[in-house]
Amino acid sequence: SPFPEEDPTTPDVRKPLPPRGHEDTDTAIIAVTITLVFLTLLTALVVIGIYLYRNRGTYHTYEQPEPDAAEEPPAKDKEEYFI
């Protein structure tokens, strides 16, 4: 055959080798990105949990209750029957 099976030794024809450590750098960048996203979500959940714990829905008002609405006996003159 006119072409040799082995790689040519001429520097102009030889394929450049990929730089070593390129895959390691990509893996490190992906790992750091995933870690930062996870920590951000965890921090957001903690902040939301603290907010919901502090604001449980109990509201304190300083107004005096109206004396008329405090204790009214229920009216017993009407009863409804459902058939």
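This passage describes the fold, surface and side-chain contacts of one protein chain. The model is predicted.

The protein contains two helices and zero strands. Of its 83 residues, 0% count as buried. The accessible surface of the protein amounts to about 9500 Å². Carbon and sulfur atoms account for 61% of that surface.

Helix H1 spans residues 22-54. A UniProt annotation, taken from an unreviewed entry, labels residues 28-53 as a "transmembrane region". Over residues 28-53 the chain is 100% helix and 0% strand. The C-alpha atoms at the two ends of this stretch are 37 Å apart.

A nonpolar patch lies on the surface. Its members are Phe38, Leu39, Leu42, Val46 and Ile50. Together these residues make a patch of about 460 Å². One of them, Val46, belongs to helix H1. The relative accessible area of Val46 is 45%. Val46 is therefore classed as partly exposed, because this class lies between the limits of under 20% for buried and over 50% for exposed. Patch residues need over 30% relative accessible area, and the 45% of Val46 meets that cut-off.

Aromatic rings were also examined. The structure holds zero aromatic pairs. One ring does, however, have a charge over it: the charged end of Arg56 sits over the ring of Tyr53. The distance from that charged end to the ring centre is 4.6 Å. Tyr53 is also the last residue of the range 28-53 covered by the UniProt annotation.

Terms used. Residues numbered from 1 in each chain as written. Predicted model: local features only at pLDDT ≥ 70, side-chain atom pairs only at ≥ 80, totals over all residues. Heavy atoms only, no water. Patch = residues over 30% accessible without salt bridge, like charges linked within 9 Å, V, L, I, M, F, W, Y side chains within 5 Å. Areas by Shrake-Rupley, 256 points an atom, 1.4 Å probe, with all protein chains shown as cover. Salt bridge = Lys/Arg side-chain N within 4 Å of Asp/Glu carboxyl O. Helix = DSSP H or I, 4+ residues; strand = E, 2+ residues; numbered from the N terminus. Buried < 20%, exposed > 50% of the residue type's maximum accessible area, 1.4 Å probe, protein only. UniProt positions renumbered as here; feature names shortened; annotations may be inferred. Phe/Tyr/Trp six-rings, centres within 6.5 Å; stacked < 30°, edge-to-face > 60°. Lys NZ or Arg CZ within 6 Å of the ring centre and 35° of its normal.
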